[in-house]
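Trainee: Could we go through a structure together? I would like to practise reading one.

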Amino acid sequence: MKMVDVIHLNYLLLPVINRFGITLGFGDVSVEELCLKKNINLAFFLNIINAYHDESFFPKTDLQKFSVKLIVDYLQKAHKNYLHDSVPQIEKLIQNLVVENSYKKQNLEILQSFFNEYKNEITEHINREESKVYPYAVQVENAYETNNYNNALIKKMENYSMQYYLNEHDNIEEKLFDLKNIIIKYLPPPKNTKISNSILIQLFNLEKDLNDHSRIEEKVMIPKVVKMEKSILNYLAKNK
Amino acid sequence: MTHKIKIILADRSPIILKGLKNLLNDFSLIDIIKEADNWEFAVRSVNKNTPDYLIFNSNLLNNSNSKKLSSHFNNKVKLISIYNVPIPENIKAQCFYSININSNEEELIKNFKHALEIPKIIIKKESSELSNREKAVVRCIALGMTNKEIADTLFISTHTVIAHRKNITKKLAIKTVSGLTVYALLNELVNTTEIEQY
């Protein structure tokens, strides 16, 4: 299949292929050629775009075969995408609503303050994963592969298992869901419908992307790390 | 799109009739106006009631009456045949759609939706109007009260508060406390000064 056909099939994959370093203007090359040229793991790429395109397709076991490092690398690129593109774009559009006085002042303030809450929430969530969860996941994998565990890591594993993280993996999609409904249903009709439509399209796209993202974290990365933790701790218990 | 799809069902087996009725009634827009347990009665009912579809079991037909099905009817009813044993090709060819009723539920629903041309976007009766009690609960949530505080304020049990909250989220399609606060503000159930003061 040609890369151009992939995009014709589902243009929502554009930011996804960007995360792999593929930018527009790729010509008539096939997916395979392009991955080879860009040094992209073809099997991983195919699994990721297929899972994104078709929600019913989720090859959990296949995806778990890839290294944590590879998975985390993809998740981090997605994070950058959210923080540097999606969220600022929506913020800019909301700013446009203000400039155009599309809702009355009081309602604009309500909307802005709700969006700011959301923005803080998603930023905090991402920062926590970037500074704590992902580095830990990669550390566990390194230790597992090199059989080289230092005490600090073992302590961490005992105190902060990946399993806890799954339990407290807060749902950042909820506020997004509410934001959509507030704009669709509860704010009175805007003066400038086009801006509100654009905001909604961005919100729907971001929501879809975040759902896919959480699914990779919860069904692939976390279970994989949990398995490695268990195996390391078992090994240590036996060789005490 | 407000008009209902009128259907007549025909099958020898009362249990299959019941099952079909059950399945089809889950789609809105469906009106099953008659049920028949033999072909002759089915034909008479169709001619009298002019339904949009006749759903019938192919085993109701024999060699003589299955030659030209349309000749039985004085109107343009669409024929949907169902079968649990292989269906004769000539019957299948004369039907708008044929459905194997031995398939699983998901498959059956898919096929009937397709056969009856049920659109994906439909008008369903659903109320999303909040009751006065629910409005009072939303107001309390917006003020930042806990379930216990809401229960004490409204003289109800926390259990009831939780039930109200579930219904509110379902009706409004808003899941978070801040989202409900926005709803309360926009609908003047509460104002910003009250929230700040509380």
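Mentor: We shall discuss chain A, its domains, its contact with chain B, and one residue of chain B. Please keep in mind that this is a predicted model.

Trainee: Which kinds of secondary structure does chain A have, helices or strands?

Mentor: Chain A has 11 helices and 0 strands. Along the sequence, the pattern is therefore α-α-α-α-α-α-α-α-α-α-α, with helices defined as DSSP runs.

Trainee: What does the C-alpha trace of chain A span along its principal axes?

Mentor: The span is about 70 × 45 × 25 Å. Of the 240 residues in chain A, 47% are buried.

Trainee: And the contacts inside chain A, how many join residues at least 24 apart?

Mentor: If one takes the contacts between residues at least 6 apart in sequence, 77% join residues at least 24 apart.

Trainee: Next, the domains. Where do they lie in chain A?

Mentor: The domain assignment places domain 1 at residues 3-53 and domain 2 at residues 65-238. The C-alpha centres of these two domains of chain A lie 23 Å apart.

Trainee: How many residues of each domain are in contact?

Mentor: In chain A, 12 residues of domain 1 are in contact with 14 residues of domain 2. The area buried between these domains is about 1200 Å², and carbon and sulfur atoms give 61% of that area.

Trainee: Which residues of domain 1 supply the most of it?

Mentor: A:Arg19, A:Phe44 and A:Tyr52 supply 59% of the area that domain 1 of chain A buries against domain 2 of chain A, more than any other three residues.

Trainee: What does A:Arg19 form a salt bridge with?

Mentor: The partner of A:Arg19 is A:Asp209, and the closest N and O atoms are 2.8 Å apart. Across the interface of the two domains of chain A, the rule finds 1 salt bridge. There are also 6 residue pairs in polar contact between domain 1 and domain 2 of chain A, both residues being at pLDDT 80 or more.

Trainee: Which helices supply the domain 1 side?

Mentor: Helices α2 (14-19) and α4 (42-53) of chain A each supply at least two residues of the side of domain 1 that touches domain 2. Helix α4(A) gives the most to that side, with 6 residues. The residues of this side of domain 1 of chain A divide into 9 nonpolar, 2 polar and 1 charged.

Trainee: Now the two chains. How many residues does each give to the contact?

Mentor: Chain A gives 13 residues and chain B gives 12 residues. The area buried between the chains is about 1200 Å², with 69% from carbon and sulfur atoms. On the side of chain A, A:Ile110, A:Asp178 and A:Tyr186 lose the most area to chain B, together 46% of what that side buries.

Trainee: How many salt bridges does the rule find there?

Mentor: Across the interface of chain A and chain B, the rule finds 0 salt bridges, but 7 residue pairs in polar contact, both residues being at pLDDT 80 or more. Helices α7 (105-146) and α10 (173-186) of chain A each give two or more residues to the side that touches chain B. Helix α10(A) gives the most, with 8 residues.

Trainee: Last topic: why is B:Ala163 called partly exposed?

Mentor: B:Ala163 has a relative accessible area of 36%, and the term applies because this value falls between the cut-offs of 20% and 50%. B:Ala163 lies in helix α7 (residues 158-172) of chain B. B:Ala163 and B:Glu134 are 29 residues apart in sequence and 9.9 Å apart in space, C-alpha to C-alpha.

Key:
Residues are numbered from 1 along each chain as its sequence is written. Chains are lettered from A and ligands numbered from 1 in the order in which they are written. This is a predicted model: local features need pLDDT of at least 70, side-chain atom pairs count only at pLDDT 80 or more; totals for chains, interfaces and linings use all residues. Side-chain values use heavy atoms; hydrogens and water are left out. Contact means heavy atoms within 4.5 Å. Buried area is the accessible area (1.4 Å probe) that two parts lose on being put together, summed over both. A salt bridge is a side-chain nitrogen of Lys or Arg within 4 Å of a carboxyl oxygen of Asp or Glu. A polar contact is a pair of N or O atoms within 3.5 Å; within protein, one must be able to donate a hydrogen and the other to accept it, and residues adjacent in sequence count only if both atoms are side-chain atoms. Helices (H or I, at least four residues) and strands (E, at least two) are DSSP runs, numbered from the N terminus. Domain bounds come from an automatic or database domain assignment. Ala, Val, Leu, Ile, Met, Phe, Trp, Tyr, Cys and Pro count as nonpolar, Asp, Glu, Lys and Arg as charged, and the others, Gly among them, as polar. Buried means under 20% relative accessible area, exposed over 50%, partly exposed in between (1.4 Å probe, protein chains only).
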